[in-house]
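Biologist: Could you walk me through this one? I would like to learn how each label is earned.

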Amino acid sequence: MATGIRRREKTVLVKSGPYRFVRHPIYLFQITLLVGATLLLPTLFSFALVGIHFLCVLIKALDEEAYLMKVYGSEYAAYLSDTGRFLPKADPPG
């Protein structure tokens with residue numbers, strides 16, 4: 001099963017569950033796991049791996065956000081203002 005953007009698939013914008021607080025909870029979980037592993041095994045390689053992974057995830061997240069902005073327009077713009085990309089905003093939505 002492929003992951004990522006399925007440009008032909010028509011869906012609703014999910015804003016519930018963990019998506020209520022962050023736009024990319026799966027990426028946040030990946031980064032958290034890698035940071036945890038780095039704390040257990042603090043080597044130059046593990047720090048580099050976290051940095052490279054974060055850069056890749058950021059590029060993918062920006063691409064997904066640009067696509068979702070085109071698809072959902074003002075609804076997604078409002079969602080952007082309510083949520084953080086990888087970390088919750090100081091003012092929780094709702």
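Biologist: Let us start with a single residue: which residues does Y27 touch, not counting residues up to four places away in sequence?

Modeller: Y27 touches V57, K60, A61, E64 and F86. Keep in mind that this is a predicted model. A touch here is a contact, with heavy atoms within 4.5 Å.

Biologist: What makes Y27 part of a nonpolar core?

Modeller: A nonpolar core is built from buried residues of certain kinds, Tyr, Ile, Val, Ala and Phe among them, joined through side-chain atoms within 4.5 Å. The largest such core here has five residues, namely Y27, I31, V57, A61 and F86. Two elements, α1 (25-40) and α2 (44-72), each give two or more residues to this core. As a general tendency, nonpolar side chains in soluble globular proteins are buried together.

Biologist: How many helices and strands does the protein have?

Modeller: There are three helices and zero strands, and along the sequence the pattern reads α-α-α.

Biologist: How do you know that the length of α1 fits a helix of 16 residues?

Modeller: We compare two numbers. At 1.5 Å a residue, α1 should span 22 Å, and its end C-alpha atoms are 23 Å apart, so the two agree. For α2, with 29 residues, the reach from first C-alpha to last is 41 Å, close to the expected 42 Å.

Biologist: Why can we say that the buried residues of α1 line one face?

Modeller: Those residues are P25, Y27, I31 and T38. Seen down the axis of α1, they fall within an arc of 150°, so they line one face of the helix. On the other side of α1, I26, F29 and L40 are exposed. What covers the buried residues of α1 includes α2.

Biologist: Why are α1 and α2 called roughly antiparallel?

Modeller: Their axes come within 10 Å and cross at roughly 175°. Angles over 145 degrees count as roughly antiparallel, so α1 and α2 earn that name. Among the residues of α1 that meet α2 are Q30, L34 and V35, while the α2 side of this meeting includes F47, H53 and F54.

Biologist: And what makes α2 and α3 oblique instead?

Modeller: The axes of α2 and α3 (residues 74-82) come within 6 Å and cross at roughly 135°. That angle is not under 35, not over 145 and not in the 65 to 115 range, so the pair is oblique. In this pair, E65, L68, M69 and Y72 of α2 meet S74, E75, Y76, A77 and L80 of α3. Just after α2, G73 takes a positive phi of about 55°.

Biologist: Which residues of α2 are buried, and what covers them?

Modeller: The buried ones are S46, V50, V57, A61, E64, E65, Y67 and Y72. Their cover includes α1 and α3.

Biologist: Why is L28 called partly exposed?

Modeller: Buried means under 20% relative accessible area and exposed means over 50%. L28, in helix α1, has 24% relative accessibility, so L28 counts as partly exposed. Leaving aside neighbours within four places in sequence, L28 is in contact with V22, F86 and L87. L28 and R85 are 57 residues apart in sequence, yet their C-alpha atoms are 8.8 Å apart in space.

Biologist: What share of the 94 residues is buried?

Modeller: Buried residues make up 23% of the protein.

How values were computed
Residues numbered from 1 in each chain as written. Predicted model: local features only at pLDDT ≥ 70, side-chain atom pairs only at ≥ 80, totals over all residues. Heavy atoms only, no water. Buried < 20%, exposed > 50% of the residue type's maximum accessible area, 1.4 Å probe, protein only. Helix = DSSP H or I, 4+ residues; strand = E, 2+ residues; numbered from the N terminus. Expected span 1.5 Å × (residues − 1). Arc of directions from axis to C-beta. Axes fitted to C-alpha atoms, helices over the stretch in contact; angles between N-to-C directions.
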